[in-house]
Amino acid sequence: MKKIFYGVFIAIFCALFIVPAMAADVLVPTASGNDVIVPHTLIETIDGWEEGEVQCAFHDLVGAKSRVPMNRRGNNWIIIGGHGADIHPVVVIDGKDNWTKLENLWSMTSDFVKYRDAGPCIHVD
């Protein structure tokens with residue numbers, strides 16, 4: 001009987017607290033384990049984003065591992081393995097890279113903005 005009670009308690013706890021927190025909209029890039037969650041508004045800085053493939057470029061990696069597809073979850077996008085890396089979302093439309101515009105949404109002095117030679121990128125510790 002206790003096992004059933006604890007199982008029901010854990011299920012209710014997860015349904016009420018953990019699942020909504022995972023689905024909550026973020027306003028700025030936010031760490032989630034080894035990943036980074038970014039708001040959909042960043043992707044919308046690219047006209048025609050719906051027609052392209054949303055990816056993330058890792059600035060310190062080369063080759064096949066330097067780009068990963070981003071996954072949409074509600075009004076957020078997930079960058080797998082982005083925590084602690086210099087990253088920048090990009091929308092590829094007709095083979096052309098369209099870099100998202102961080103400066104359209106946030107101050108360039110924000111804690112999660114880092115400057116590289118090519119310009120600002122996201123870095124979430």
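**Notes on a buried Asn and a salt-bridge network**

1. Start with Asn-76: its relative accessibility is only 1%, so Asn-76 counts as buried. The cut-off in play is under 20% relative accessible area for buried. Bear in mind while reading that this is a predicted model.

2. Where does Asn-76 sit in the chain? Asn-76 belongs to strand 6, which covers residues 76-79. And what does its side chain meet there? A polar atom of the Asn-76 side chain lies 2.7 Å from the backbone oxygen of Ala-24.

3. Strand 6 also holds Ile-79. With a relative accessible area of 0%, Ile-79 is buried too. Its C-alpha is 6.3 Å from the C-alpha of Ile-37, although 42 residues separate Ile-79 and Ile-37 in sequence.

4. Now for the overall layout. There are two helices and ten strands in the chain. Reading from the N terminus, the order of elements is α-β-β-α-β-β-β-β-β-β-β-β. The chain has 125 residues, and 36% of them are buried.

5. On to the charges. Searching the whole structure turns up four salt bridges. One of them pairs the side chains of Asp-60 and Arg-116, at 2.9 Å from N to O. Distant parts of the chain are linked here: Asp-60 is in the loop between strand 3 (53-58) and strand 4 (67-69), while Arg-116 is in strand 9 (residues 113-116), 56 residues apart.

6. How covered are these two partners? Asp-60 has a relative accessible area of 57%, so Asp-60 is exposed. Arg-116 reaches 28%, and therefore counts as partly exposed. The exposed class needs over 50% and the buried class under 20%, with partly exposed in between.

7. Another salt bridge joins the side chains of Lys-114 and Asp-86, with 3.1 Å from N to O. Lys-114 lies in strand 9 and Asp-86 in the loop between strand 6 and strand 7, so this pair ties together parts 28 residues apart in sequence. Lys-114 is partly exposed, because its relative accessible area is 34%.

8. Is Asp-86 buried or exposed? Asp-86 has a relative accessible area of 3%, so Asp-86 is buried. This acid also meets the side chain of Arg-116 in a salt bridge, at 2.6 Å from N to O. That pair again links distant parts of the chain, with Asp-86 in the loop between strand 6 and strand 7 and Arg-116 in strand 9, 30 residues apart.

9. Which residues end up in one network? Asp-60, Asp-86, Lys-114 and Arg-116 do, through salt bridges that share partners. If you want to trace the network on the model, Asp-86 is a handy place to begin: its side chain meets Lys-114 and also Arg-116. From Arg-116 you can then step across to Asp-60.

10. Last, have a look at the surface. A patch of negative charge gathers there, made of Glu-44, Asp-47, Glu-50, Glu-51 and Asp-94. Within this group, Asp-94 lies in the loop between strand 7 (87-93) and strand 8 (96-99). Asp-94 counts as exposed, because its relative accessibility is 80%. Set that beside Asp-86 of the salt-bridge network, which is buried at 3%.

Terms used
Residues are numbered from 1 along each chain as its sequence is written. This is a predicted model: local features need pLDDT of at least 70, side-chain atom pairs count only at pLDDT 80 or more; totals for chains, interfaces and linings use all residues. Side-chain values use heavy atoms; hydrogens and water are left out. Patches are made of residues with over 30% relative accessible area and no salt bridge: like charges are joined within 9 Å, nonpolar side chains (Val, Leu, Ile, Met, Phe, Trp, Tyr) within 5 Å. Accessible areas come from the Shrake-Rupley method with a 1.4 Å probe; for residues, only the protein chains shown count as cover. Lys and Arg count as positive and Asp and Glu as negative; His and the chain ends are not counted. The place of a charge is taken as NZ of Lys, CZ of Arg, CG of Asp or CD of Glu. Helices (H or I, at least four residues) and strands (E, at least two) are DSSP runs, numbered from the N terminus. Buried means under 20% relative accessible area, exposed over 50%, partly exposed in between (1.4 Å probe, protein chains only). A polar contact is a pair of N or O atoms within 3.5 Å; within protein, one must be able to donate a hydrogen and the other to accept it, and residues adjacent in sequence count only if both atoms are side-chain atoms.
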